[in-house]
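Student: I would like to go through this structure with you slowly, one question at a time. Could we begin with the ligand and then move on to the sheets?

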Amino acid sequence: MSSAADIVTETPLGGPTLPQERRLVTSIPGPRSQELLDRKADAVAAGVGHTAPVHAVAAGGGVIVDADGNSLIDLGSGIAVTTIGNAHPKVVAAVQAQVAQFTHTCFMIAPYDSYVSVAEALNRITPGDHAKKSALFNSGAEAVENAVKIARKYTGKQAVVAFDHGYHGRTNLTMALTAKAMPYKSGFGPFASEIYRAPLSYPYRDGLTGPEAAKKAISLIEKQVGADNLAAVIIEPIQGEGGFIVPADGYLPALVDWCRANDVVFIADEIQTGFARTGEMFASEVFGIVPDLITTAKGIAGGLPLAAVTGRAEMMDASHAGGLGGTYGGNPVACAAALAAIDVFENDGMLERAREIETVLKGRLQQLQAADPRVGDVRGHGAMIAAEFVDPATGEPDAALTAAVAKASIAQGVIVLTCGTYGNVIRFLPPLSITDDLLHEGLDVVAAALAAS
Ligand SMILES: *Cc1c(COP(=O)(O)O)cnc(C)c1O
């Protein structure tokens, strides 16, 4: 008998009907969560880890409820996925209607409306007013793989440049693009060839202006790769897993200009930054850049698996028929969810809400920084804000402190995620549906965890 099923049927769970509160009725993990974690250890591959030791049974607004009846504040949104809120009622209704209609035909066999409508919406809402087209996939990594395929086919060139601290996924090509060895790459090689790495702009650590950092990157690209060999440059406008690194002003525009002048496709990986997360629909808009291709996933469909490549029509059309696609790509249930989610992003005040959350998060974290020199840097945009923890004496990254603060926060019912090449960054990615009260309470808990660590 499933404990989760008991709770789901006894309580009006799901969506915003959950009480918006932090509630601890057992220690974390409680006995029912521990039971699931024991089964997980027996049944699930050890390589698939977890951050919070809970058995989730419902989520909505700003909370995740576990099988023991604990209600945890969600400051991670399942890694920037449930941006509009978990089980958002519009997504639930759209999914329920679609799933009763048909679950799959394969878009490459018998096309349907929702896929085309998602493509039209993405072409409309992504940066730039040039002619655009889209193709849909299942995961972020798959979108990145396809963006590289499209750029290579269009340019007839092979090399791809990614950046220090970059994260693009866990498939073979995207592991090659990803910078960090542990845990993403170690032991999983050999990796795809013709991938090169350039220096990022990391203002807190490199002390360079945007144009200086761009000059350094471009010089390396010209000397070590050569524009004649280079199909694409791929970069996260604000890095996600790499530590929420915001490049200095002028860095991204200089890279875009260089790409345009050298027939190199500029790919913005907006899989984590996209869909209102940064207070703009896409982070490229924060920096005033217009990418040639843009990869999206995570927030796109309110929690259902969907991803896309959107870009200049002539680039997207360079591939022969049958060269792009996949059995499940643009699944009709995921597309129905995406149309509902995009409606919410455009019409329900999500950009404004992300900016309000930025004010709360930055205000609180900057207070912490002023009081505690171990908080070395506070940065980010919108509801994508991070604090970098350091040894105040040396400025060296303090991963142990970061892990301790995150662990203590989760034990007190606040789900926070860490990130960063050095593992010394706590990132805040709350759902935009969280209340200010819950956000403040979550930050109180993190502050107390820091004070005690
Ligand atoms: C999460 C992420 C990916 C990979 O997406 P998956 O859906 O996990 O394959 C790629 N790029 C960025 C920037 C991401 O944050």
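Student: Which residue places a polar side-chain atom 2.9 Å from an oxygen atom of the ligand?

Tutor: Before answering, note that this is a predicted model, in which local features need pLDDT of at least 70 and side-chain atom pairs count only at pLDDT 80 or more, while totals for chains, interfaces and linings use all residues. Residues are numbered from 1 along each chain as its sequence is written, and side-chain values use heavy atoms, with hydrogens and water left out. A polar contact is a pair of N or O atoms within 3.5 Å, and the residue whose polar side-chain atom lies 2.9 Å from an oxygen atom of the ligand is Gln272.

Student: How far is the polar side-chain atom of Asp269 from a nitrogen atom of the ligand?

Tutor: A nitrogen atom of the ligand also has a polar backbone atom of Tyr167 at 3.4 Å. For Asp269, the partner is a polar side-chain atom, and its distance from a ligand nitrogen atom is 2.7 Å.

Student: How much of the ligand's accessible area does the protein cover?

Tutor: Accessible areas come from the Shrake-Rupley method with a 1.4 Å probe. On its own the ligand has 380 Å² of such area, and the share of this that the protein covers is 82%.

Student: How many residues of the shell around the ligand are charged?

Tutor: The surrounding residues, each with a heavy atom within 4 Å of the ligand, include Glu236, Asp269 and Lys298. Asp, Glu, Lys and Arg count as charged, Ala, Val, Leu, Ile, Met, Phe, Trp, Tyr, Cys and Pro as nonpolar, and the others as polar. The shell divides into three nonpolar residues, five polar ones and, as charged residues, three.

Student: Which strands are the edge strands of the sheet with the order 11-12-15-14?

Tutor: Strands are DSSP runs (E, at least two residues), numbered from the N terminus, and two of them pair if DSSP finds at least two bridges between them. This open sheet has four strands with antiparallel pairing. The edge strands, each pairing on one side only, are strand 11 (375-381) and strand 14 (417-419).

Student: Which residue of strand 12 is the bridge partner of Gly380?

Tutor: Strand 11 and strand 12 (residues 384-389) pair in the antiparallel sense over six bridges. Within strand 12, the bridge partner of Gly380 is Ile385.

Student: In the open sheet with the order 1-2-3-13, which residue of strand 3 stands opposite Val63?

Tutor: The pairing in this sheet of four strands is mixed. Strand 2 (residues 63-66) and strand 3 (residues 71-74) run antiparallel and are joined by three bridges. Opposite Val63, in strand 3, stands Ile73.

Technical notes
A polar contact is a pair of N or O atoms within 3.5 Å; within protein, one must be able to donate a hydrogen and the other to accept it, and residues adjacent in sequence count only if both atoms are side-chain atoms.
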